[in-house]
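Ready for a few short exercises? Have a look at the chain below, then work through the tasks one at a time.

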Amino acid sequence: MQEMLTSLSTYGYVIVFLYSLGGGMVAIIAAGVLAHLGKMDITVSIVLAAAANAIGDTLLFYVSRYNRAAVMPYLARHKRKLAFSQILFKQHGNKIIFFKKFIYGLKTLIPLAIGLTKYSFAKFSVINVVSAVAWAILLGLGSFWAGEAFERAWNFMGENGWLMPVAMFSLLTLIWVYLQKATKKKGRSE
């Protein structure tokens with residue numbers, strides 16, 4: 001564990017920034033735990049994660065707005081999820097820009113879907129930056145304050161090696177089932 005912590009604390013800020021461009025939930029949580037252990041600075045981690053997250057979503061919006069031809073082949077494989085993203089946006093409006101940061105699997109599709117609409121780029125950017133800052137603070141400080149619990153869980157998982165694969169498989173299965181049900185085609189009742 002010590003080798004991994006040394007490696008993460010050495011390259012941690014670069015990892016937090018790069019990983020947060022495309023999502024970053026795991027990176028900011030890991031940075032919060034490492035900050036609790038004294039290996040990283042929580043303020044720097046939060047600032048980097050917020051900035052990268054805002055930049056990443058803005059780039060996704062911009063690319064889908066002004067370069068649809070490059071985005072459409074990617075979106076062709078995700079038509080149901082894209083439709084679900086657009087439904088969520090129509091139902092919840094500006095709130096979905098904030099909440100999508102916490103929904104795994106829709107994080108990248110929502111900015112792409114919004115970029116395909118006539119939604120204001122300036123309005124999206126402002127809401128996106130505020131959301132990214134709130135997201136980074138909530139997850140960064142939350143994981144910092146829960147650092148001791150994470151450390152105990154890590155040690156427990158290390159002592160029981162079989163538990164981590166089972167937990168990861170269960171988590172990924174739950175996410176997959178949720179996304180399948182959320183994007184399932186509705187049958188026509190006539």
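Here are some exercises with worked solutions, all on a predicted model.

**Exercise 1.** Find out how the rings of Phe61 and Phe121 are arranged as a pair.

*Solution.* Start with the whole structure: a search of it turns up 6 aromatic pairs. Now take Phe61 and Phe121, whose ring centres are 5.3 Å apart. Centres within 6.5 Å make a pair. Next, check the planes: they sit at 40 degrees, so this pair is tilted. Finally, see where the two partners come from. Phe61 belongs to helix α3 (residues 42-66) and Phe121 to helix α8 (residues 121-145), so the pair links distant parts of the chain, 60 residues apart.

**Exercise 2.** Decide whether Phe61 is buried or exposed, and do likewise for Phe121.

*Solution.* Buried means under 20% relative accessible area, and exposed means over 50%. Phe61 has 0% relative accessibility, so Phe61 is buried. Phe121 comes out at 29%, so Phe121 counts as partly exposed.

**Exercise 3.** Work out what kind of pair Tyr62 and Phe121 make.

*Solution.* Their ring centres are 6.1 Å apart and their planes are at 65 degrees. Planes over 60 degrees apart count as edge-to-face, so that's the label for this pair. Tyr62 lies in helix α3 and Phe121 in helix α8, 59 residues apart, and here too distant parts of the chain are linked. As for cover, Tyr62 has 44% relative accessibility, so Tyr62 counts as partly exposed. To widen the view, put the rings together: one aromatic cluster is formed by Phe61, Tyr62, Tyr66, Phe121 and Phe124.

**Exercise 4.** Describe the chain over two stretches that UniProt lists as "transmembrane region", residues 12-36 and 42-63.

*Solution.* First, the record: the unreviewed UniProt entry places this feature at residues 12-36, 42-63, 126-147 and 162-179. Over residues 12-36, the chain is 88% helix and 0% strand, with the end C-alpha atoms 14 Å apart. Over residues 42-63, it's 100% helix and 0% strand, and the end C-alpha atoms are 31 Å apart.

**Exercise 5.** Which helix gives the most to the nonpolar patch, and where does Val26 fit in?

*Solution.* Begin with the members: Tyr11, Ile15, Tyr19 and Val26 make up this surface patch, with about 430 Å² of accessible area together. Helix α1 (residues 2-21) gives the most, with 3 residues. Val26 sits in helix α2 (residues 25-36). At 55% relative accessibility, Val26 counts as exposed.

Notes
Residues numbered from 1 in each chain as written. Predicted model: local features only at pLDDT ≥ 70, side-chain atom pairs only at ≥ 80, totals over all residues. Heavy atoms only, no water. Phe/Tyr/Trp six-rings, centres within 6.5 Å; stacked < 30°, edge-to-face > 60°. Helix = DSSP H or I, 4+ residues; strand = E, 2+ residues; numbered from the N terminus. Buried < 20%, exposed > 50% of the residue type's maximum accessible area, 1.4 Å probe, protein only. UniProt positions renumbered as here; feature names shortened; annotations may be inferred. Patch = residues over 30% accessible without salt bridge, like charges linked within 9 Å, V, L, I, M, F, W, Y side chains within 5 Å. Areas by Shrake-Rupley, 256 points an atom, 1.4 Å probe, with all protein chains shown as cover. Salt bridge = Lys/Arg side-chain N within 4 Å of Asp/Glu carboxyl O.
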